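Open the model in your viewer, with the sequence panel beside it. This tour goes from one selection to the next and says what to look for at each stop.

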Amino acid sequence: MPGLSGSAGVTVDNRDLGFLTDYCVLCTAGRPGGDESEGAGMRASVGDILHVHSRTVGVSAKRGEIIEIRGSEGAPPYVVRFADGHESLVFPGPECVIEPPSGE
């Protein structure tokens, strides 16, 4: 089974992550052996928009509303609802940007 294994022995099946496997990486900040700077400054609030920029020519960017914050003080991971209605737990990578909700 394709997947990513973490230091805690947790395996994430890539198929469960859908298109996000192409755009977001599992954040290792704050974990043993992780890069403390990765994701360290990212902060969000419920209702903010997660904009996932594409790294592939011809593939459009994805945007979704942050509906739940699982980290402390606005830090990742986030539960995001995308335009097609699916929800995913997202550990944002360098292609991701937090934007204020539309209309602000």
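Let's begin with a term: a nonpolar core is a set of buried Ala, Val, Leu, Ile, Met, Phe, Trp, Tyr and Cys residues joined through side-chain atoms within 4.5 Å. Buried here means under 20% relative accessible area, exposed means over 50%, and partly exposed lies in between (1.4 Å probe, protein chains only).

A word on the source: this is a predicted model, in which local features need pLDDT of at least 70 and side-chain atom pairs count only at pLDDT 80 or more, while totals for chains, interfaces and linings use all residues. Residues are numbered from 1 along each chain as its sequence is written, and side-chain values use heavy atoms, with hydrogens and water left out.

**Stop 1: colour by confidence.** pLDDT is the predictor's confidence in each residue, from 0 to 100. Its mean over the chain is 73, and 61% of the residues reach 70 or more. Now select residues 1-38: pLDDT stays under 50 there, and the model has 61 contacts for this stretch beyond four places in sequence. A contact means heavy atoms within 4.5 Å.

**Stop 2: switch to cartoon.** You should find one helix and seven strands, running β-β-α-β-β-β-β-β from the N terminus. These are DSSP runs numbered from the N terminus: helices are H or I with at least four residues, strands are E with at least two.

**Stop 3: the sheet.** Select S3 to S7. These five strands form an open antiparallel sheet in the order S6-S5-S4-S3-S7. Strands S6 (87-90) and S7 (96-99) stand at the edges with a single partner strand each, so one side of each is left without a neighbour in the sheet. Neighbouring strands are turned by 35° against each other on average, direction ignored. That angle is taken between axes, which are lines fitted to C-alpha atoms. Two strands count as paired if DSSP finds at least two bridges between them. S3 (residues 49-52) and S7 are joined by four bridges; zoom in on valine 52 to find its partner, cysteine 96 in S7.

**Stop 4: the core.** Show side chains for Met42, Ala44, Leu50, Val52, Ile66, Tyr78, Val80, Phe82, Val90 and Cys96, the ten residues of the largest nonpolar core. S3 and S5 each supply at least two of them, and S5 gives the largest share, three residues.

**Stop 5: strand S5.** Is this strand open to its surroundings or enclosed? Four of its five residues are buried, so S5 is largely enclosed by the rest of the structure. Five bridges join S4 to S5, with isoleucine 69 partnered by tyrosine 78 in S5. Four bridges join S5 to S6, and arginine 81 has glutamate 87 in S6 as its partner. Click valine 80 next: beyond four places in sequence, the residues it touches include Leu50, Ile66, His86 and Val90. Then follow the chain into the S5-S6 hairpin, which has four residues between its strands; in the turn, glycine 85 has a positive phi of about 95°.

**Stop 6: glycine 74.** Finish in the loop between strand S4 (62-69) and strand S5 (78-82), where glycine 74 sits. Glycine 74 is buried, with a relative accessible area of 13%. Leaving aside neighbours within four places in sequence, glycine 74 is in contact with Met42, Arg43, Ala44 and Ile69. Draw a C-alpha to C-alpha distance to arginine 43: the two are 31 residues apart in sequence and 4.7 Å apart in space.

Key. Axes are lines fitted to C-alpha atoms, for helices over the stretch in contact, and angles run from 0 to 180 degrees between N-to-C directions.
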